[in-house]
Amino acid sequence: MHLSLTEAQTLVQKTARDFAARAIAPKAADIDKHGKIPVEIIKGLGEVGLLAVNVPAGLGGSEAGVVSYALAMQEVAKACASTAVTMAVTNMVGEVIAKFGTDAQKTYACPKLASAEWLAGAFALSETGAGSDPGAMRTTAKKDGDAFVLDGEKMWITSGPYAGVFVVWARTGDPATHKGTRGISCFLVEAGTPGLRVGKSEDKMGLRGSSTSSLSFENCRVPESALLGEWNGGFKIAMMALDGGRIGISSQAIGIARAALEESIVYAKDRKAFDHAIGDFQAVQWKLADMKRDIDAAHLLSMRAAWLKENGKPFSREASMAKLFASEMCNRVVNHGVQIHGGYGYTREFAAERHLRDARVTTIYEGTSEVQRIVIARNVLGPS
Ligand code: COS
């Protein structure tokens, strides 16, 4: 693994940075305030190739690789964490379809996701009683002639209200023989399919520009061709997708933290107290030093996980380490950011408080910190 970026990776990073600075950052406060990402931002992400970064070019993707994707996610998250999570899930859905889909599924869905013809893709795994433990899901899909019929409820679905396609997991196994994680299959369900209803959006603490909703399936019929991957093989698809998704969330956390640090540096140089810029005081300097150290450490963990994935090597443990460290780091860093901004950090006049709210979920979604520790511990302990 080389620490320097290739020309192609630098180009993707610059493209994302320029687009984020020009089209996203100036609108980030409004996106948060009004709870809506303008459609032109999503279309713009598609135009600059950031909605399917690791999807083959033949399917409409940029085929720029996982390292490029992680770099691009950081840049977008630094500008607006809500936009970044929308981008992350669409990329994840495109990759799942490109990897496990039939030729018909890939050629139909991937170009629509890459170009933002569908504004987003959604990943419908979690349920009220099945978040950290998706093997406990209750949504079912039953074979009926040449169709599958889905019934059940999903929760915490990022982009639910504007997704064009949902990757949905449901129980398909005979309960007597295929319990828990073994009896789950995965389906592609298009928005508008009769029987699929999108619930109201959650009133969240942060990431307010990104809609998170429930979904309900009631006698929702999809054709046989909607099965994604193997019958009863869906749990592993979810796990593999989440491994990659965790690299995306580590990048998102790093991007949020980088924004908090950059803004804190500007503030520390500008704000005067006791006849000095507050950055002249060691109390502030040490915070800035810790913030920078932690961000760089998270970046290196994230890049290693991305490099391993890109090079076809096992990366599950490293992705969990990157996600665990980066998300917890991000929460520390944004907290320092608010403290450096003092009273202003507690107001909407500065972005520091938005970063604090946006950071909070990064230790929860795409697998909580506790789940990441399970993955890492099982890996280091080996088979029992
Ligand atoms: N890649 C491929 N396969 C995997 C895998 C991975 N990363 N992790 C597990 N599997 C396989 C296992 O090998 C096992 O296969 P077999 O049935 O052939 O033995 C199967 O999946 C079940 O694995 P396991 O028994 O380890 O599953 P658990 O129910 O114990 O779950 C954790 C393990 C906790 C790691 C998993 O449930 C998890 O990641 N939970 C968090 C889910 C999450 O992130 N939710 C938030 C979604 S945000 S939208």
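In strand β8, leucine 228 is the bridge partner of cysteine 186. Helices and strands here are DSSP runs, the former H or I with at least four residues and the latter E with at least two, numbered from the N terminus. The model is predicted, so local features need pLDDT of at least 70 and side-chain atom pairs count only at pLDDT 80 or more, whereas totals for chains, interfaces and linings use all residues. Residues are numbered from 1 along each chain as its sequence is written, and side-chain values use heavy atoms, with hydrogens and water left out.

## Strand pairing

Two strands are taken to pair if DSSP finds at least two bridges between them. Strand β8 (residues 227–228) and β5 run antiparallel and are joined by two bridges. Strand β5 is also joined to strand β4 (residues 165–171), by seven bridges and again in antiparallel fashion. Within this pairing, cysteine 186 of β5 is the bridge partner of tryptophan 169. Strand β5 (residues 184–190) is largely enclosed by the rest of the structure, because six of its seven residues are buried; buried means under 20% relative accessible area, exposed over 50%, and partly exposed in between (1.4 Å probe, protein chains only).

Strand β4 also runs parallel to β1, with four bridges joining them. Here valine 167 in β4 is the bridge partner of phenylalanine 123. From β1, Gly121 and Phe123 point one way, while Ala122 and Ala124 point the other way, and all are buried.

## Aromatic pairs

A pair of aromatic rings is described by the distance of the centres and the angle of the planes. Rings of Phe, Tyr and Trp (its six-membered ring) pair if their centres lie within 6.5 Å; planes under 30 degrees apart count as stacked, over 60 as edge-to-face and the rest as tilted. The structure holds seven aromatic pairs, including the two tabulated below.

| Pair | Centre to centre | Angle between planes | Class |
|---|---|---|---|
| Phenylalanine 123 and tryptophan 169 | 4.6 Å | 55° | tilted |
| Phenylalanine 148 and tryptophan 231 | 5.5 Å | 20° | stacked |

The tilted pair links distant parts of the chain: phenylalanine 123 lies in strand β1 (residues 121–124) and tryptophan 169 in strand β4, 46 residues apart. Phenylalanine 123 counts as buried because its relative accessibility is 12%, and tryptophan 169 is buried with a relative accessible area of 0%.

The stacked pair likewise connects distant parts of the chain, with phenylalanine 148 in strand β3 (residues 147–158), tryptophan 231 in the loop between β8 and α7, and the two positions 83 residues apart. Phenylalanine 148 is buried at a relative accessible area of 3%, whereas tryptophan 231, at 38% relative accessibility, counts as partly exposed. Phe148 and Trp231 form one aromatic cluster with Phe187.

## Nonpolar cores

In soluble globular proteins, nonpolar side chains tend to be buried together. A nonpolar core is a set of buried Ala, Val, Leu, Ile, Met, Phe, Trp, Tyr and Cys residues joined through side-chain atoms within 4.5 Å. The largest core has 56 residues, and those with the most contacts inside it are Val93, Phe123, Trp169, Met329 and Cys330. At least two residues of this core come from each of α5 (81–100), α6 (103–114), β4, β5, α7, α8 (282–310) and α9 (316–341). Helix α7 gives the most, with 14 residues. A second, separate core of 26 residues includes Ile41, Ile42, Leu45 and Leu50.

Contact means heavy atoms within 4.5 Å. Leaving aside neighbours within four places in sequence, valine 93 is in contact with Leu113, Gly121, Ala122, Phe123, Val165 and Val167.

Serine 250 is found in helix α7 (residues 234–270) and counts as buried, at 0% relative accessibility. Residues up to four places away in sequence not being counted, serine 250 touches Ser302, Ala322, Lys323 and Ala326. The C-alpha atoms of serine 250 and methionine 73 are 9.2 Å apart in space, with 177 residues separating them in sequence.

## Helix α1

The 18 residues of helix α1 (residues 7–24) should span 26 Å at 1.5 Å a residue, and the 24 Å between its end C-alpha atoms agrees with this; the expected span is 1.5 Å times one less than the number of residues. Its buried residues are Gln9, Val12, Gln13, Ala16, Phe19, Ala20, Ala23 and Ile24. Seen down the axis of α1, these residues fall within an arc of 140° and therefore line one face of the helix, the arc being that of the directions from the helix axis to the C-beta atoms. The face turned away from the buried side of α1 carries the exposed residues Glu7, Leu11, Ala21 and Arg22. Elements covering the buried residues of α1 include α2 (28–34), α3 (39–47), α4 (66–79), α5 and α8.
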